[in-house]
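Student: I'd like to go through this one label by label and hear the reasoning behind each. Can we start as soon as it's on screen?

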Amino acid sequence: MTNQPGADDLPIHDFPTATSVAEFTQNIADVRANISRAAERVGRSPDDVQLLPVSKTVPEERVRLAIAAGCTQLGENKVQEAKRKATNLADLGVEWSVIGHLQTNKARDVAEFASEFQALDTLRAAAALDRRLQAAGRSLDVYVQVNTSAEPQKYGLPPEELEAFLRELPQYGSLRVRGLMTLAVFTSDIPRVRTCFTLLRTLRDRMRDIDPALVGDGGLSMGMSGDYEVAIEEGATCVRVGQAIFGARQVPDSHYWPDAFPADGDAVAAEA
Ligand SMILES: *Cc1c(COP(=O)(O)O)cnc(C)c1O
């Protein structure tokens, strides 16, 4: 059942596992070259696209190799895992970006070790983070997560609620809004994926037209290993890339986004 991708499909990758500094150096160089080509296709500068390597599920020994290969900031989906790595790898001075959903009872942890939080989608979380950050005398870069896939996903604001949400954020003075973040719909169909990225850019532009201060830096965090080149063509300023740098993950994506895989069949089939 190997389906060959068509012209409108994302390519199928088999991301090999990097197990040496040299392999990490190579993978990062390959991703950066792809970033440059995608940016140049649409007349953008590659310097305007930040690469955020995502190290979730990767054991600390291999994360150390990636850091030795030049990673200075790492993304993690789950707070517990991020906190453990931040503690055990504290000697290496990397910055940690939490990119997954936050339960408010973990706000204190995030306020302690993270430099960035990319999945802000409730005022409850904003308030909890701000309270902890104020107490610690710290600030935090945040992206507001938007649900652009028009599917009933648990995470991310519906587009029509974005403006009202952004208007509330200035009261949380320790949060520095860097822009908007999204996950595209989980499909290999490029036009459908692209629609999600185009929508995020359109929302950013619309917010800026209403009031430039609403979206802070106006950044767009969008694109993962399978679709970051499409995201860059649509204006991404940050791409979150795990598997293309670290190697294929054994944990299926449905573990992180159960709602995106209602029957769980797709994800299991993709891993098998
Ligand atoms: C895991 C993850 C990524 C990276 O996905 P890959 O397929 O490993 O590139 C990006 N964004 C979020 C929110 C993630 O949890």
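Student: Why is arginine 206 called partly exposed?

Tutor: Count its neighbours: arginine 206 has 14 C-beta neighbours inside 10 Å. Buried takes 20 or more and exposed takes 12 or fewer, so with 14, arginine 206 lands in between and counts as partly exposed. Keep in mind that this is a predicted model.

Student: Where is arginine 206, and how far is it from glutamate 23?

Tutor: Arginine 206 is in helix α7. Glutamate 23 is 183 residues away in sequence and 42 Å away in space, C-alpha to C-alpha.

Student: What makes lysine 56 buried?

Tutor: Lysine 56 has 21 other C-beta atoms within 10 Å. The cut-off for buried is 20 or more, so lysine 56 qualifies. It is found in the loop between β1 (50–53) and α2 (60–68).

Student: Which residues does lysine 56 contact, beyond four places in sequence?

Tutor: Lysine 56 is in contact with Glu76, Asn77, Lys78, Glu81 and Gly242, leaving aside neighbours within four places. Lys56 is also among the residues around the ligand, and so are Asn77 and Gly242.

Student: What does UniProt list for Lys56?

Tutor: The UniProt entry, an unreviewed one, lists Lys56 under "modified residue: N6-(pyridoxal phosphate)lysine".

Student: How does the shell around the ligand divide?

Tutor: It splits into 5 nonpolar, 5 polar and 2 charged residues. Lys56 and Arg240 are both in that shell, and Lys and Arg count as charged.

Student: Why is threonine 57 partly exposed?

Tutor: Threonine 57 has 17 other C-beta atoms within 10 Å. That is under the 20 needed for buried and over the 12 allowed for exposed, so partly exposed is the label. Threonine 57 is placed in the loop between β1 and α2.

Student: What stands out about the phi of threonine 57?

Tutor: Its phi is near 70 degrees, a positive value in a residue other than glycine.

Student: How do you know that valine 177 is buried?

Tutor: Valine 177 has 21 C-beta neighbours inside 10 Å, and buried starts at 20, so the label follows. Valine 177 is in strand β6 (residues 175–181). Its contacts beyond four places in sequence are Val142, Val144, Leu169, Val215 and Gly216.

Student: And what makes tyrosine 172 buried?

Tutor: With 22 other C-beta atoms within 10 Å, tyrosine 172 meets the cut-off of 20 or more, so it is buried. Tyrosine 172 is found in the loop between α6 (162–168) and β6. It touches Ala126, Ala127 and Asp130, not counting residues up to four places away in sequence.

Student: Which residues touch the most other members of the largest nonpolar core?

Tutor: Phe117, Leu129, Val144 and Val239 do, out of 73 residues in that core. Helix α7 (residues 190–210) supplies the largest share of this core, 7 residues. As for valine 239, its contacts beyond four places in sequence include Ile35, Val49, Leu51 and Tyr228.

Student: How confident is the predictor, and where does pLDDT stay under 50?

Tutor: The protein chain averages a pLDDT of 93, and 94% of the residues score at least 70. Over residues 264–272 pLDDT stays under 50, and the model has 8 contacts beyond four places in sequence for them.

Methods: Residues are numbered from 1 along each chain as its sequence is written. This is a predicted model: local features need pLDDT of at least 70, side-chain atom pairs count only at pLDDT 80 or more; totals for chains, interfaces and linings use all residues. A residue is near a molecule or strand if its C-beta atom, placed from the backbone, lies within 6 Å of it. A nonpolar core is a set of buried Ala, Val, Leu, Ile, Met, Phe, Trp, Tyr and Cys residues joined through C-beta atoms within 7 Å. Helices (H or I, at least four residues) and strands (E, at least two) are DSSP runs, numbered from the N terminus. Two residues are in contact if their C-beta atoms, placed from the backbone, lie within 7 Å. UniProt positions are given in the numbering used here, feature names are shortened, and annotations may be inferred rather than shown by experiment. pLDDT is the predictor's confidence in each residue, from 0 to 100.
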